[in-house]
Amino acid sequence: MPTAGTKIGAEVAKFDALAARWWDPNGPMKPLHRMNPLRTGWISERVARLHGRDPAAPDALAGLTVLDVGCGAGLASEALARRGARVTGLDAAGEALEAARAHAAAAGLDIAYREGLPEDLPEGETFDAVIALEVIEHVADRDTFLAALARAAKPGAPVFLSTLNRTPRAFLMAKVGAEYLLHLLPVGTHDWRMFVTPGELGAGLRRAGMEVKDITGMVMEPLSGRWRASRDVGVNYMVMARRG
Ligand SMILES: C[S@@+](CC[C@H](N)C(=O)[O-])C[C@H]1O[C@@H](n2cnc3c(N)ncnc32)[C@H](O)[C@@H]1O
């Protein structure tokens with residue numbers, strides 16, 4: 001039977017294998033590229049408001065520290081750094097991190113990328129916001145993961161996650177459609193049984209000492225391919241919680 005360690009290793013290896021093509025907007029990470037403006041805009045707006053900033057200002061996050069857990073090659077890290085945040089990107093996928101470092105350097109962005117898991121962060125190292133986007137559906141021990149996110153947030157700071165709901169529709173769209181029919185994602189990217197319902201995620205966040213503040217669906221417009229926020233949380237959704 002696989003241990004938690006081999007399970008993490010297998011999940012991370014899938015993403016390392018995609019490192020070289022991570023930043024190709026039409027490559028295997030195309031869905032993440034397309035949804036990134038929506039997720040990072042939603043997060044920026046909420047973080048800026050919490051700090052009494054104008055969310056529309058180009059440097060709305062200036063000086064605020066953000067931890068991007070499971071950052072991969074840095075799609076969200078870069079978007080938040082461009083708004084002025086001091087971003088630390090954390091991932092166990094070393095090759096994805098190499099792609100992240102190279103891309104940030106070419107873009108002139110100062111982002112601290114570190115290899116590791118949130119569970120291993122030093123006690124007492126805390127951030128103004130913690131994000132983990134499209135990660136929890138790859139994590140076997142969710143309670144340990146969520147507790148680590150809560151520990152990394154300053155008291156009262158927000159924690160954001162985005163993920164896939166475990167519904168028949170999500171199975172059809174994110175697994176059958178995206179992997180087998182449209183070939184948007186490599187086959188095997190997702191295990192539908194690992195998808196997380198908003199109820200399960202909310203309960204896990206509360207067990208980790210956080211309060212859920214907002215749950216918003218993400219839907220793709222079929223014609224334009226653009227993503228927008230929606231009340232429909234049946235497939236993709238984002239959550240904002242706050243550490244008590
Ligand atoms: C679908 S990618 C998302 C990357 C990035 N967050 C984004 O949305 O652009 C999932 C990432 O989670 C990382 N990951 C997988 N299992 C993890 C775990 N147990 N703890 C932390 N990160 C993990 C992978 O290495 C991979 O980079």
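Me: Which word fits how α5 and α7 sit, oblique or parallel?
Reply: Oblique. In this predicted model, helix α5 (residues 142-152) and helix α7 (residues 198-207) pack at an angle of about 55°, and they are therefore oblique to each other.

Me: How far apart are their axes?
Reply: The axes of α5 and α7 are 9 Å apart.

Me: And is the crossing of α5 and α7 right-handed or left-handed?
Reply: α5 and α7 cross in a right-handed way.

Me: Which residues make that contact?
Reply: From α5 you get R142, D143 and L146, and from α7 there's G204, L205 and R207. Sorted by class, the contact of α5 with α7 has three charged, two nonpolar and one polar residues.

Me: OK, switching helices. What's the angle between α2 and α3?
Reply: About 45°, with the axes 10 Å apart. Here α2 is residues 30-50 and α3 is residues 75-82. That angle makes α2 oblique to α3.

Me: Right-handed or left-handed there?
Reply: Right-handed, as α2 passes α3.

Me: Which residues are in the contact?
Reply: On the α2 side they're L32, H33, N36, R39, T40 and S44. On the α3 side they're L75, A76, A79 and L80.

Me: How many of those are nonpolar, polar or charged?
Reply: The contact of α2 with α3 has five nonpolar residues, four polar ones and one charged one.

Me: New topic, the ligand. How many residues surround it?
Reply: 21 residues surround the ligand, and the closest are F15, G70, G72, A93 and L133.

Me: Which elements give two or more residues to that shell?
Reply: α1 (4-16) and α3.

Me: Which gives the most?
Reply: α1, with four residues in the shell around the ligand.

Me: How does the shell divide by class?
Reply: The shell around the ligand has 15 nonpolar residues, plus three polar and three charged ones.

Me: Last thing: what does the UniProt annotation cover?
Reply: The UniProt record, an unreviewed entry, puts "domain: Methyltransferase type" on residues 67-158.

Me: How much of residues 67-158 is helix and strand?
Reply: That span is 36% helix and 21% strand. The C-alpha atoms at its ends lie 11 Å apart.

Terms used. Residues numbered from 1 in each chain as written. Predicted model: local features only at pLDDT ≥ 70, side-chain atom pairs only at ≥ 80, totals over all residues. Axes fitted to C-alpha atoms, helices over the stretch in contact; angles between N-to-C directions. Parallel < 35°, antiparallel > 145°, perpendicular 65-115°, else oblique. Left-handed = near helix turned anticlockwise from the far one by under 90°. Contact = placed C-beta atoms within 7 Å. Nonpolar A, V, L, I, M, F, W, Y, C, P; charged D, E, K, R; others polar. Near = placed C-beta within 6 Å. UniProt positions renumbered as here; feature names shortened; annotations may be inferred.
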